[in-house]
Amino acid sequence: QVSVVESGGGLVQPGGSLTLSCVASGNIFRSYIMHWYRQTPGNERELVAQISSTDSTNYADSVKGRYTISRDNTKNTVYLQMNTLKPEDTAVYYCSARTLYGDYWGQGTQVTVSS
């Protein structure tokens, strides 16, 4: 069993910044493909960003240029740096790990962008 734990959510004003962190257990974290998703009530879960085992990245068009995903394999941690936040970025953000043994999800962390 791989545990996935997100942290760093909170309330931020429009135009502000926030960084989320995600820690995943395992001795082969460097091989995991890591993802950030977000979801609002009544909507499907949306893929925001992903980073591969070779540090290749992909972003949703809605966040491209504003968000940066990165990983630190020495800490088993993936980050999501969010800049120039908009009210429509408000959601529960989920971290997931695609591993040799399957896909694992965290509990989510709330991000609210509001004045």
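Asp89 touches Arg38, Arg66, Tyr67, Thr84, Val111 and Val113, leaving aside residues up to four places away in sequence. In this predicted model, Asp89 sits in the loop between strand E8 (77-82) and E9, and Asp89 is buried, with a relative accessible area of 1%. Salt bridges that share partners join Arg38, Glu46, Arg66 and Asp89 into one network, and a search of the whole structure finds 5 salt bridges. The points below follow Asp89 to its polar partners, then turn to Tyr93, to the salt bridges and to a sheet.

**Asp89 and its polar contacts**

- The side chains of Asp89 and Arg38 are joined by a polar contact of 3.0 Å, while another polar contact, of 3.3 Å, joins the side chain of Asp89 to that of Tyr67.
- The backbone of Asp89 takes part as well, since its oxygen lies 2.8 Å from a polar atom of the side chain of Tyr93.
- Asp89 counts as buried because its relative accessible area of 1% falls under 20%, the limit used for that class.

**Tyr93 in strand E9**

- Tyr93 belongs to strand E9, which covers residues 91-99, and with a relative accessibility of 0% Tyr93 counts as buried.
- Beyond residues up to four places away in sequence, Tyr93 touches Glu6, Leu20, Trp36, Tyr37, Arg38, Val48, Tyr67, Leu80, Met82, Gly108, Thr109 and Val111.
- One of these contacts is polar in character, with the side chain of Tyr93 lying 3.0 Å from the side chain of Arg38.
- Arg38 and Tyr67 are both among the residues that Tyr93 touches, and both are also among those that Asp89 touches.
- Thr57 lies 36 residues from Tyr93 along the chain, and the C-alpha atoms of Thr57 and Tyr93 are separated by 18 Å.

**Salt bridges and their exposure**

- Side chains of opposite charge can pair when their charged atoms come close.
- Glu46 forms a salt bridge with Arg38, in which the closest N and O atoms are 2.9 Å apart; Glu46 is partly exposed at 32% relative accessibility, whereas Arg38 is buried at 8%.
- A salt bridge also links Asp61 and Lys64, with 3.5 Å between the closest N and O atoms, and here Asp61 is exposed, with a relative accessible area of 68%, as is Lys64, with a relative accessible area of 51%.
- In a further salt bridge the side chains of Arg98 and Asp103 meet at 3.1 Å, N to O; Arg98 is partly exposed, with a relative accessible area of 47%, and Asp103 is partly exposed at 44% relative accessibility.
- Arg38, Glu46, Arg66 and Asp89 are joined into one network by salt bridges that share partners.

**The sheet with strands E1, E3, E8 and E7**

- Four strands form an open sheet in the order E1-E3-E8-E7, and their pairing is antiparallel.
- Strand E1 (4-7) and strand E7 (67-72) are the edge strands of this sheet, each of them pairing on one side only.
- On average, neighbouring strands of the sheet are turned by 15 degrees against each other, with direction ignored.
- E1 and strand E3 (residues 18-24) run antiparallel and are joined by 4 bridges, and Ser7 stands opposite Ser21 in E3.

Note on methods:
Residues are numbered from 1 along each chain as its sequence is written. This is a predicted model: local features need pLDDT of at least 70, side-chain atom pairs count only at pLDDT 80 or more; totals for chains, interfaces and linings use all residues. Side-chain values use heavy atoms; hydrogens and water are left out. A salt bridge is a side-chain nitrogen of Lys or Arg within 4 Å of a carboxyl oxygen of Asp or Glu. Buried means under 20% relative accessible area, exposed over 50%, partly exposed in between (1.4 Å probe, protein chains only). Two strands pair if DSSP finds at least two bridges between them. Helices (H or I, at least four residues) and strands (E, at least two) are DSSP runs, numbered from the N terminus. Axes are lines fitted to C-alpha atoms, for helices over the stretch in contact, and angles run from 0 to 180 degrees between N-to-C directions. Contact means heavy atoms within 4.5 Å. A polar contact is a pair of N or O atoms within 3.5 Å; within protein, one must be able to donate a hydrogen and the other to accept it, and residues adjacent in sequence count only if both atoms are side-chain atoms.
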